[in-house]
Amino acid sequence: MNDTKVQITLRAMEPEDLEILYQIENDRELWEVGTANVPYSRYALNNYVMCAANDIYTDKQVRLVMENEEKKVVGLLDILNFDPRHLRAELGIVVLKEHRGKGYGEQAINRAIEYSRDFLHIHQLYAIVDAANTASVQLFKKVGFTQGAFVKEWIYDGSTYHDAFFMQKFFAKNA
């Protein structure tokens, strides 16, 4: 990881982000760590971008674009499966290959933590991480997530099941 402090911005998705969204959603390597297992058309993704209310209470998720200092897209961050009754949500992140190891993921997760705690008043963020993805497990630990339940054969990549960790970050009620 670089020692220099990187700066990223999390912003709402725009129609101009369709190609990067198409690239990420159709990357078969990412299907192994996420819930998607079919390709998405540009038409379907465009409809998503155009129709999403970008309101976590309406959509139960918010998808944010990660931009670096040069306003270049370096990845996507999702706060999804939002449960307003139990005040919890899942966190998902994808940093594009060419931008990994530069600190963007850490900064994006820290910003998502601040947003979730300070504006959504969430009690808990969680992530489901492939147990073999040691870089991601370490990243989540570095930003304060604890390694919770170990779930066997939780993620299926189309040919093999992978074990996963349920990573959690709790916020004190009055923090």
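Start by selecting Ser-116, which sits in helix 5 (helices are DSSP runs of H or I with at least four residues, strands are E runs of at least two, and both are numbered from the N terminus). Ser-116 counts as buried, at 0% relative accessibility. Here buried means under 20% relative accessible area, exposed means over 50%, and partly exposed is in between, using a 1.4 Å probe and protein chains only. Now show what surrounds Ser-116: apart from its neighbours within four places in sequence, it is in contact with Ile-79, His-121, Ile-122 and Leu-125 (contact means heavy atoms within 4.5 Å).

Before you click on, a word about the model. It is a predicted one, where local features need pLDDT of at least 70 and side-chain atom pairs count only at pLDDT 80 or more, while totals for chains, interfaces and linings use all residues. Residues are numbered from 1 along each chain as its sequence is written, and side-chain values use heavy atoms, with hydrogens and water left out.

**Next stop: His-121 and a pocket**

From Ser-116, hop to His-121, in the loop between helix 5 and strand 5. Check its backbone: phi is near 55 degrees, a positive value in a residue other than glycine. His-121 is exposed, with a relative accessible area of 52%.

Keep His-121 selected and add Ile-122, His-123, Ala-172 and Lys-173; these lie nearest the centre of the second largest pocket, which has 10 lining residues. For the record, a pocket is an open set of points on a 1 Å grid over the protein atoms alone, where a 1.4 Å probe fits, with protein on both sides within 12 Å along at least five of seven lines; lining residues have an atom within 4 Å of a point. The space in this pocket comes to about 180 Å³, the volume being what probe spheres set on the points fill, with points joined across faces, edges and corners. Colour the lining by class and you get 5 nonpolar, 2 polar and 3 charged residues. In that scheme Ala, Val, Leu, Ile, Met, Phe, Trp, Tyr, Cys and Pro are nonpolar, Asp, Glu, Lys and Arg are charged, and the others, Gly among them, are polar.

Click on Lys-173, in the segment after strand 7. Lys-173 counts as exposed, at 80% relative accessibility. Draw a distance from its C-alpha to that of His-123: the two are 50 residues apart along the chain, yet separated by 6.9 Å.

**Into the core**

Which residues touch the most other members of the largest nonpolar core? Select Leu-77, Ile-79, Leu-91, Phe-140, Phe-145 and Met-167, out of 30 residues in that core. A nonpolar core is a set of buried Ala, Val, Leu, Ile, Met, Phe, Trp, Tyr and Cys residues joined through side-chain atoms within 4.5 Å. To see where the core comes from, colour strand 2 (62-67), strand 3 (73-83), strand 4 (88-95), helix 5 (104-118), strand 5 (124-130), helix 6 (134-142) and strand 7 (161-170), the elements that give two or more residues each. Helix 5 supplies the largest share, 5 residues. A second, separate core has 12 residues, including Leu-21, Ile-24, Val-49 and Leu-76.

Now centre on Leu-91. Beyond its neighbours within four places in sequence, its contacts include Leu-77, Ile-79, Ile-109, Tyr-126, Phe-140 and Phe-145.

**Along the strands**

Select strand 2 next: 6 of its 6 residues are buried. Val-62, Leu-64 and Met-66 point one way, with Arg-63, Val-65 and Glu-67 pointing the other. Strand 2 pairs with strand 1 (residues 9-12) in the antiparallel sense over 4 bridges (strands pair if DSSP finds at least two bridges between them). Pick Leu-64 to see both sides: it is the bridge partner of Ala-12, and it stands opposite Leu-77 in strand 3. Strand 2 and strand 3 run antiparallel, joined by 6 bridges. In their hairpin, with 5 residues between the strands, Lys-71 takes a positive phi near 65 degrees.

Move on to strand 4 and strand 5, which run parallel with 3 bridges. Arg-88 stands opposite Gln-124 in strand 5. Strand 5 is largely enclosed by the rest of the structure, because 6 of its 7 residues are buried.

**Last stop: Gly-148**

Finish at Gly-148 in strand 6 (residues 146-156). Is Gly-148 buried, exposed or partly exposed? At 31% relative accessibility, Gly-148 counts as partly exposed. Leaving aside neighbours within four places in sequence, Gly-148 is in contact with Phe-166, Met-167 and Gln-168.
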